[in-house]
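User: Could you take a close look at one part of this model for me? I'd like a connected walk through a single helix and the surroundings of its side chains.

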Amino acid sequence: SGEEYFQARRISDEKREETLSKLFDIAIPQLIDYSSIGLAPGTAASVVPLSFTQDSHRVNAEYFTEQLSFALSRSRVLKIVERKDMQKILSELSLQNTGMMDEDTAARFGKLIGAEVLITGTVYARDGSWEIFLKMYRVETGEVLAVTKVRLDRELGLGN
C-alpha cells in the first residue's frame, strides 16, 4: 500500500517475546537514525507508557510498553532512565487515564524524570493486527524528533 512500517508475524517455532524483541530492536534504531537532531551516545531516554484507543487494549499497551523498554535498555546510543514513581508523575500530569502525550506534556514529563528524549506511542487494533505509532520527543523543546510505525499480528499480543 506504499506505507513504510515494520511488520512482525507470529512464527510457530519462535516465542512471542523473541519476535517482539526483534521488532523493537529495529524500531528504536530507526527512531534514532531518523531523528531531526543527532543523538550522542549516552543520551538519557525513557519510555512513556503507550496509550491505547480502547480500554480493552490496556493490557496489550502495557505489554508492548515493557517490550519497548526492554529494547531501549539494549540501545547503544540511548541510556535508559526510569523513575520508580512514574505512575505518580503520570497522575500529576493528568495522564493516568488518558495516556495521551503532546509536546508540552512530553517536555514537562521528561524534565521530571531526568530524560533528554522520550519515546511513546499509541496502540491501535486494525484488521487482525496491532499498529503502534512510535514517537520520539526532545524533552528540552517538546518537539517530535522522529516517528515510526510497527504492525504486529494480533497473536503477538496478550489477547483481544
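Analyst: Leu68 is buried, with a relative accessible area of 0% in this predicted model, and its place is in helix H2. Happy to start there and work outwards. Because the cut-off for buried is a relative accessible area under 20%, Leu68 at 0% falls within that class. Setting aside neighbours within four places in sequence, Leu68 is in contact with Phe24, Ile28, Val47, Leu50, Ile119 and Leu134. As for backbone distance, the C-alpha atoms of Leu68 and Pro49 are separated by 9.5 Å, with their positions 19 residues apart along the chain.

Now the helix itself. H2 covers residues 58-73, which makes 16 residues. From its first C-alpha to its last it reaches 23 Å, close to the 22 Å expected at 1.5 Å a residue. Its buried residues are Asn60, Ala61, Tyr63, Phe64, Thr65, Gln67, Leu68, Ser69, Ala71 and Leu72. A general point helps in reading that list: an α-helix has 3.6 residues a turn, so residues three or four places apart point the same way.

What does Phe24 touch, not counting residues up to four places away in sequence? From H2's list of buried residues, Phe24 touches Phe64, Gln67, Leu68 and Ala71, among others. Phe24 also touches Pro29, Ile132, Leu134 and Val150. In the largest nonpolar core, which has 31 residues, Phe24, Phe64 and Ile132 touch the most other members. The elements giving two or more residues to this core are H1, strand E2 (43-47), H2, strand E5 (117-126), strand E6 (129-138) and strand E7 (144-153). H1 provides the largest share, seven residues. There is also a second, separate core of nine residues, with Val48, Val81, Ile113 and Tyr137 included in it.

Helix H1 meets H2 at another residue worth a look, Glu17, which is found in H1 (residues 16-33). Leaving aside neighbours within four places in sequence, Glu17 is in contact with Tyr63 and Gln67. The C-alpha atoms of Glu17 and Gln67 are separated by 7.8 Å, although these residues are 50 apart along the chain. Is Glu17 buried, partly exposed or exposed? Glu17 is partly exposed, because its relative accessible area of 38% lies between the cut-offs of 20% and 50%.

Tyr63 brings us to the aromatic rings. A search of the whole structure finds three aromatic pairs. One of them joins Tyr63 and Phe64 in a tilted arrangement, 5.9 Å centre to centre with 45° between the planes. Both Tyr63 and Phe64 are buried. Another pair, Tyr124 and Phe133, is edge-to-face, at 5.8 Å centre to centre and 85° between the planes. Tyr124 is partly exposed, with a relative accessible area of 32%, and Phe133 is also partly exposed, at 31%. Ring pairs link Tyr63, Phe64 and Trp130 into a cluster.

Trp130 has a charged partner as well: Arg154 lies over its face, at 4.4 Å from the ring centre. Back on H2, the ring of Phe70 has the charged end of Arg74 sitting over it, 4.3 Å from the ring centre.

To pull the thread together, Leu68 is buried in H2 at 0% relative accessible area, and Phe24 is among its contacts. Phe64, also listed among the buried residues of H2, touches Phe24 and belongs to the ring cluster with Tyr63 and Trp130.

Key:
Residues numbered from 1 in each chain as written. Predicted model: local features only at pLDDT ≥ 70, side-chain atom pairs only at ≥ 80, totals over all residues. Heavy atoms only, no water. Helix = DSSP H or I, 4+ residues; strand = E, 2+ residues; numbered from the N terminus. Buried < 20%, exposed > 50% of the residue type's maximum accessible area, 1.4 Å probe, protein only. Contact = heavy atoms within 4.5 Å. Expected span 1.5 Å × (residues − 1). Phe/Tyr/Trp six-rings, centres within 6.5 Å; stacked < 30°, edge-to-face > 60°. Lys NZ or Arg CZ within 6 Å of the ring centre and 35° of its normal. Core = buried A, V, L, I, M, F, W, Y, C linked by side-chain atoms within 4.5 Å.
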